[in-house]
Amino acid sequence: MSTVTTTKQSAGSTPVRAAAAPLAGDGRIGLRANLRHIGALVRRNALQIKQDPESMFDVLFMPIIFTLLFVFVFGGAISGKGNQADYVNYVVPGLMAMMGMNIAMAVGTGVNDDFKKGVMDRFRSMPIARSSVLLAKIVVELGRMMVAITILLGVGFILGLSIKSSVLDLFLAIGLSAVFGASLMWIFILLGLTMKTAQAVQGMAMLVLMPLQFGSSIFAPPATMPGWLQSFTDYNPLSNLADAARALINGTPVGDSVWMTLAWSVAITAVTMPLAVRKFRQKT
């Protein structure tokens, strides 16, 4: 709050109100208040999903369709005819990385659509931290991502997926996918705040998604790829995540893949989160 002083004038004149300097901490929101705002916005976004259950169709059906498609269409070609069960343990951990990226794309289109409807303007007029609006979006989308991964693993178990390590390693693989998925959401939030339409966000996202997904180790071993594509795959963050999740689930050495995935997540978040919050404040 700001204090207001009244300056005395000559008799019969109207007092002049002059704004004084802001009080210390003016405009700052404490951690507890910020968490309370995020919680309220998370409930608001969750209620929106409840009122529009069709918005969950991608989360419910995408894991089923992609798993069946890649196991039965590409599994025989990659692992040999009749060896689709071996391919299940290869592709399902990779698809965990893919789920996070596809759901992250929906965050960008949703933010753009909310601005078009004027929802974000109402939020920006409230005495809440600007970052809390975006963080609430990410929390809800992470919840959707967990639903997608649960369905993905369920379909995988039906098709013969086996956990060759431990339940703890399985949860570590899921947590790693969530951390990386959250970092990708900041990229797509920034795209949603920058592009003019949701269709433009979706088009730009596909240009990013396609080469990253298919130029990775998600669906096929890089050893089967041309040399120039192997070089791209080695530096592809999705390959690091897929390899890390695959190693954790199959009980093989993880190497540097876990640390590389975490490093990518921190770097992406450190760059895109401040830019997204700043764009959110300035967007007209």
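Which residues line the largest cavity? In this predicted model, the lining is made up of Leu41, Arg44, Asn45, Met120, Phe123, Val133 and Lys137. Helices H1 (31–51), H4 (119–124) and H5 (130–159) are the elements that each put two or more residues into that lining. H1 chips in the most, with three residues. Sorted by character, the lining comes out as four nonpolar residues, one polar and two charged. As for the space itself, the largest cavity holds about 30 Å³, and a search through the whole structure turns up one cavity of 30 Å³ or more.

Next come the annotated spans. The unreviewed UniProt entry lists "transmembrane region" for residues 59–78, 90–112, 133–158, 170–193, 200–220 and 258–277. Two of these listed spans can be looked at in a bit more detail. Residues 133–158 are 100% helix and 0% strand, and the C-alpha atoms at the two ends sit 38 Å apart. For residues 200–220, the figures are 71% helix and 0% strand, with 30 Å between the end C-alpha atoms. Val133, where the 133–158 span begins, also turns up in the cavity lining.

On the outside of the model, a nonpolar surface patch brings together Phe57, Leu60, Phe61, Ile65 and Val147, with about 430 Å² of accessible area between them. Helix H2 (residues 57–79) is the main contributor here, giving four residues to the patch; Phe61 is found in this helix.

Conventions
Residues numbered from 1 in each chain as written. Predicted model: local features only at pLDDT ≥ 70, side-chain atom pairs only at ≥ 80, totals over all residues. Heavy atoms only, no water. 1 Å grid on protein atoms, 1.4 Å probe; cavity = no way out; pocket = protein on both sides within 12 Å on 5 of 7 lines; lining within 4 Å. Points joined across faces, edges and corners; volume = space filled by probe spheres on them. Nonpolar A, V, L, I, M, F, W, Y, C, P; charged D, E, K, R; others polar. UniProt positions renumbered as here; feature names shortened; annotations may be inferred. Patch = residues over 30% accessible without salt bridge, like charges linked within 9 Å, V, L, I, M, F, W, Y side chains within 5 Å. Areas by Shrake-Rupley, 256 points an atom, 1.4 Å probe, with all protein chains shown as cover. Salt bridge = Lys/Arg side-chain N within 4 Å of Asp/Glu carboxyl O.
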